[in-house]
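Here is a short briefing to read alongside the structure. Have a look at the fold, then go through the points by topic.

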Amino acid sequence: MKKPASLWILCLLSLTLVTAETARAQGGGLGGLYNGAQRALQNGDYAKAIGAFQNYLDAAKDSKDPAVLNTLDAVYYGLGSAFFNNKQYTEAADKLTELLKRFPNSRLVPEVQFFLAQALFFKGDHAKAQEGFKLAEKTPRFREDSLLFQAEALRKAGKASEAA
């Protein structure tokens, strides 16, 4: 099954636009780390992006600054994206799951649900992926792809008759 990379890239670009202002507000330190991580991600240097996003999380772990705290969901999302695009689906699923647990009210939840289901699908956990795609199907922009992935997950799990 072909991966809908265009959706992933589109969401990453919109994430960059939404969080760039927050990163600038943080000044050179953390803002510089965030911007460097985003640049690496957009340039396809996923290993560098993974390191930069992890460095950001390490540097921000004790921060009480609202600008930093308001960016953490985007950092987890970027880290999950870098892992996903580096074909490290287990790590991507772990970070996206952590994002959902830590930030259940994030504006990124619909995207995260869809991309978490994709990560689970590509790592071979088709039962959990199918459950995730059922959640993502509720978001109109992910409905069609979610239904296709659900059917494919059922087929791969040997339950093709349920996909009809």
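With a relative accessibility of 6%, F83 falls under the 20% cut-off and so counts as buried. This residue belongs to helix α5, and that helix is a good way into the rest of the model, which is predicted. The chain has nine helices and zero strands, and 48% of its 164 residues are buried.

**Overall layout**

- Read along the sequence, the pattern is α-α-α-α-α-α-α-α-α.
- Among the contacts with a separation of 6 or more, 58% join residues that are 24 or more positions apart.

**F83 and its surroundings**

- Leaving aside residues up to four places away in sequence, F83 touches I50, Q54, Q88, E91, A92 and K95.
- F83 and A119 are 36 residues apart along the chain, and their C-alpha atoms are separated by 9.4 Å.

**Helix α5**

- How enclosed is α5 by the rest of the structure? Of its 14 residues, 13 are buried, so α5 is largely enclosed.
- Y77 is another residue of α5, and its relative accessible area of 0% makes it buried.
- The C-alpha atoms of Y77 and V109 are separated by 9.7 Å, with the two positions 32 residues apart along the chain.
- The length of α5 agrees with expectation, because 14 residues at 1.5 Å a residue should span 20 Å and the end C-alpha atoms are 20 Å apart.

**The loop after α5**

- K87 follows α5 and lies in the loop between α5 and α6.
- Its phi is near 60°, a positive value in a residue other than glycine.
- For context, most residues other than glycine have a negative phi.
- Is K87 buried or exposed? Its relative accessibility is 57%, over the 50% cut-off, so K87 counts as exposed.

**How α3 packs against α5**

- The axes of α3 and α5 come within 9 Å and cross at roughly 155°.
- That angle is over 145 degrees, so α3 is roughly antiparallel to α5.
- The crossing of α3 past α5 is left-handed.
- On the α3 side, the residues that meet α5 are Y46, A49, I50, F53, Q54, Y56, L57 and A60.
- On the α5 side, their partners are L72, V75, Y76, G78, L79, A82, F83 and N85.
- I50 and Q54 of α3 are in this contact, and both are also among the residues that F83 touches.

**How α8 packs against α9**

- Which way do α8 and α9 run relative to each other? They pack at an angle of about 160°, with their axes 8 Å apart, and are therefore roughly antiparallel.
- From α8, the contact is made by H126, Q130, F133, K134 and A136.
- From α9, the contact is made by F142, S146, F149, Q150, A153, L154 and K156.
- The crossing of α8 and α9 is left-handed.

**The largest nonpolar core**

- The largest nonpolar core holds 44 residues, and the members that touch the most others are F53, Y56, F114, F121 and F133.
- Two or more core residues come from each of α2 (29-42), α3 (46-60), α5 (72-85), α6 (89-102), α7 (109-123), α8 (126-136) and α9 (140-156).
- In soluble globular proteins, nonpolar side chains tend to be buried together.
- F53 and Y56 also take part in the contact between α3 and α5.
- F133, a member of the α8 and α9 contact, touches F114, A117, Q118, F121, S146, F149 and Q150, not counting residues up to four places away in sequence.

**Helix α2**

- α2 has 14 residues, and its first and last C-alpha atoms are 20 Å apart, close to the 20 Å expected at 1.5 Å a residue.
- Which residues of α2 are buried? They are L30, G31, Y34, G36, A37, Q38, A40 and L41.
- After α2 comes G44, with a positive phi near 80°.

**The loop between α6 and α7**

- N105 sits in the loop between α6 and α7, and its relative accessible area of 77% makes it exposed.
- The C-alpha atoms of N105 and D73 are separated by 9.9 Å, although the two residues are 32 residues apart along the chain.

Notes
Residues are numbered from 1 along each chain as its sequence is written. This is a predicted model: local features need pLDDT of at least 70, side-chain atom pairs count only at pLDDT 80 or more; totals for chains, interfaces and linings use all residues. Side-chain values use heavy atoms; hydrogens and water are left out. A nonpolar core is a set of buried Ala, Val, Leu, Ile, Met, Phe, Trp, Tyr and Cys residues joined through side-chain atoms within 4.5 Å. Buried means under 20% relative accessible area, exposed over 50%, partly exposed in between (1.4 Å probe, protein chains only). Helices (H or I, at least four residues) and strands (E, at least two) are DSSP runs, numbered from the N terminus. Contact means heavy atoms within 4.5 Å. The expected span of a helix is 1.5 Å times one less than its number of residues. Axes are lines fitted to C-alpha atoms, for helices over the stretch in contact, and angles run from 0 to 180 degrees between N-to-C directions. Angles under 35 degrees count as roughly parallel, over 145 as roughly antiparallel, 65 to 115 as roughly perpendicular and the rest as oblique. A crossing is left-handed if the near helix is turned anticlockwise from the far one by less than a right angle, and right-handed if clockwise.
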